[in-house]
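Biologist: Could you take me through one part of this fold in detail, beginning with the sheet and ending with the aromatic side chains? I'd like to know what sits where and what packs against what.

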Amino acid sequence: MAQSEELHLPSNPSNQKRWICIYPSYLNARKTAQEGRRIPKSQAVDHPTCSEIRDVCHSKGLNIEVESSKHYPRDWSKDPTFAGRVRVQLKKENGDPCQEDILSRKALYIFVASTIPKLKSRISRGGSGGTSGGGSASGGGQGDAKKQGKKAKKKN
């Protein structure tokens, strides 16, 4: 009998088991949809962390619970940098949304992903993060230069 109670979620939307889970992989622009990204790549953010997700949700005034010992099942590396998940209450007991501008889980994911780059911790390291996108394009140029260097060595 105890097993059947565990298999079914409570009908009360304010119960913590019914809260929305956000894993960092859901918002990671470096992940593919097959690897677990849940939003469009254009709206995703590079390497979000559980603490950043927590900070954004807390600043919005949402009820949250951080489960730092959890790992996303599709993330085979189990990297402690991306460990954890955040549970967020989306609806009140009567079924009304907790925040009027966040009505669905996808809206929550997009809100969090759009707010993470504005965090002070991201802005301070964002200078290097902003150039990482440009660095990949110039990195290709550097790779070409390395190939030219190898060709030059072969000629000598």
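Modeller: Happy to! In this predicted model, strands β2 and β3 are joined by 4 bridges and run antiparallel to each other. One of the residue pairs to look for is E65 with R87, its bridge partner in β3. As a reminder, strands of a sheet pair through backbone hydrogen bonds, either parallel or antiparallel.

Now widen the view to the whole sheet. It is open, has 3 strands in the order β1-β3-β2, and its pairing is antiparallel. That leaves β1 (20–22) and β2 as the edge strands, each paired on one side only. From one strand to the next, the twist averages 25°. For orientation along the chain, there are 5 helices and 3 strands, and from the N terminus they follow the pattern α-β-α-α-β-β-α-α.

Next, look at what covers the sheet. Helix α4 lies across β1 and β3, at about 35° to β1. Its buried residues are L108, Y109, V112, A113 and T115. The buried residues of this helix pack against β1, α2, α3 (50–60) and β3.

Y109 is a good way into the aromatic part, where Y23, Y26, Y72 and Y109 form one cluster. In total, the structure holds 4 aromatic pairs. Start with Y26 and Y72: their ring centres are 5.4 Å apart and their planes stand at 90°, so this pair is edge-to-face. Y26 belongs to helix α2 (residues 24–27), whereas Y72 is in the loop between β2 (64–67) and β3 (85–88), so the pair ties together parts that are 46 residues apart in sequence. Both of these tyrosines are buried.

Y26 also pairs with Y109, again edge-to-face, with 5.4 Å from centre to centre and 65° between the planes. Here too, distant parts of the chain are linked: Y26 is in helix α2 and Y109 is in helix α4 (residues 105–115), 83 residues apart.

Why do I call these two residues buried? The cut-off is a relative accessible area under 20%. Y26 has 6%, so it counts as buried. Y109 has 2% relative accessibility and therefore counts as buried as well.

There is one further neighbour of Y26 to find on your screen. R38 lies over the face of the Y26 ring, 4.1 Å from the ring centre. A similar kind of arrangement involves K60 and F111: the charged end of K60 sits over the F111 ring, 5.1 Å from its centre.

To finish, here is how the chain looks as a whole. Of its 156 residues, 31% are buried. Among contacts with a separation of 6 or more, 61% are between residues 24 or more positions apart; the link from Y26 in α2 to Y109 in α4 joins residues 83 apart. The chain exposes about 10200 Å², and 51% of that area is supplied by carbon and sulfur atoms.

How values were computed:
Residues are numbered from 1 along each chain as its sequence is written. This is a predicted model: local features need pLDDT of at least 70, side-chain atom pairs count only at pLDDT 80 or more; totals for chains, interfaces and linings use all residues. Side-chain values use heavy atoms; hydrogens and water are left out. Rings of Phe, Tyr and Trp (its six-membered ring) pair if their centres lie within 6.5 Å; planes under 30 degrees apart count as stacked, over 60 as edge-to-face and the rest as tilted. Helices (H or I, at least four residues) and strands (E, at least two) are DSSP runs, numbered from the N terminus. Buried means under 20% relative accessible area, exposed over 50%, partly exposed in between (1.4 Å probe, protein chains only). A charge sits over a ring if NZ of Lys or CZ of Arg is within 6 Å of the ring centre and within 35 degrees of the ring normal. Contact means heavy atoms within 4.5 Å. Accessible areas come from the Shrake-Rupley method with a 1.4 Å probe; for residues, only the protein chains shown count as cover. Two strands pair if DSSP finds at least two bridges between them. Axes are lines fitted to C-alpha atoms, for helices over the stretch in contact, and angles run from 0 to 180 degrees between N-to-C directions.
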